[in-house]
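Okay, thanks for making time, everyone. I'd like to walk you through one structure today. Let me put it up on the screen.

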Amino acid sequence: MSNDLDGVIAKRLREERLARGWTLERLAAESAVSRAMISKIERNQTSPTAVLLARLTGAMNLTLTSLMSERGVASPSVRRMHDQDVWLDPQTRYMRRLVSGGDAEVEIVAIELPVGAVVEFGGLPGDLHEEQVLMLEGVLTLQAGQIQSSLHPGDVARFSADQVHVFSNHGQSVARYLVIKRQA
């Protein structure tokens, strides 16, 4: 796991906010994340949860991967597994491995969702990304908008990121899946 990933997130969040000319108050209003929490994240005083990061990136129409990758760093043509950044949600222990680089047109993220964990994303009207989930191992319950599905290995679900989508692992083993997101 990259020890500096929280620092990269802090730096990139501030860069993206300032590039838009947004104040902390504006980002707080757009993301429904408190100004104080955004300030703590930008100063690298706290490790944000996946839910908070999703709200922040959704408000700025970014992918999580772009927030977790240094700006202007060229991606190699081959990304070895040991070179892929891993981020662990401090609350749910949800693990996210950045398979594709932050500058790729398509974001690919490998997820491990522990037994009993539930994470919720989306619901921000400006997030125009399309997402697909490819189930690799275990069983995952996905609710996207009004549709709820149980996904098994090999199943693929597709939905718009502006919908609230909830990933739940009520199975007996870790749920492993890929999230593929096309840049808007």
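I'll talk about a helix contact and then about salt bridges.

One thing up front: this is a predicted model, so please keep that in mind as we go.

Let's start with helices α2 and α4. Helix α2 covers residues 24–31 and helix α4 covers residues 50–59. Their axes come within 8 Å, and the crossing angle is roughly 105°. So the two helices, α2 and α4, are roughly perpendicular to each other. Who's actually in the contact? On the α2 side you've got Leu27, Glu30 and Ser31, and they meet Arg55, Leu56 and Ala59 from α4. If you sort the residues of that contact by character, you get three nonpolar, one polar and two charged.

Okay, salt bridges. How many are there by the rule we use? The count comes to twelve. The general idea is familiar: side chains of opposite charge can pair when their charged atoms come close. I'll pick out a few.

Take Glu16 and Arg12, where the N to O distance is 2.7 Å. These two sit four residues apart in helix α1, which runs over residues 5–19, so about one helical turn separates them. Are they buried or exposed? Glu16 has a relative accessible area of 8%, so that one is buried. Arg12 is buried too, at 4%. And this pair belongs to something wider: Arg12, Glu15, Glu16 and Arg20 are linked in a network of salt bridges.

Next, Glu42 and Arg14. Here the side chains meet in a salt bridge at 3.8 Å, N to O. This pair links distant parts of the chain, with Glu42 in helix α3 (residues 35–42) and Arg14 in helix α1, 28 residues apart. The burial is mixed here. Glu42 is buried, with a relative accessible area of 11%, whereas Arg14 comes out at 42%, which makes it partly exposed.

Last one, over in the strands: Glu107 with Arg96, at 3.2 Å from N to O. Glu107 is in strand β3 (residues 106–113) and Arg96 is in strand β2 (residues 95–98), so this salt bridge ties together parts that are eleven residues apart in sequence. Both Glu107 and Arg96 are buried.

So, to recap the pairs: Glu16 with Arg12 is within helix α1, Glu42 with Arg14 joins helix α3 to helix α1, and Glu107 with Arg96 ties strand β3 to strand β2. That's it from me, happy to take questions.

Technical notes. Residues numbered from 1 in each chain as written. Predicted model: local features only at pLDDT ≥ 70, side-chain atom pairs only at ≥ 80, totals over all residues. Heavy atoms only, no water. Axes fitted to C-alpha atoms, helices over the stretch in contact; angles between N-to-C directions. Parallel < 35°, antiparallel > 145°, perpendicular 65-115°, else oblique. Contact = heavy atoms within 4.5 Å. Nonpolar A, V, L, I, M, F, W, Y, C, P; charged D, E, K, R; others polar. Salt bridge = Lys/Arg side-chain N within 4 Å of Asp/Glu carboxyl O. Buried < 20%, exposed > 50% of the residue type's maximum accessible area, 1.4 Å probe, protein only.
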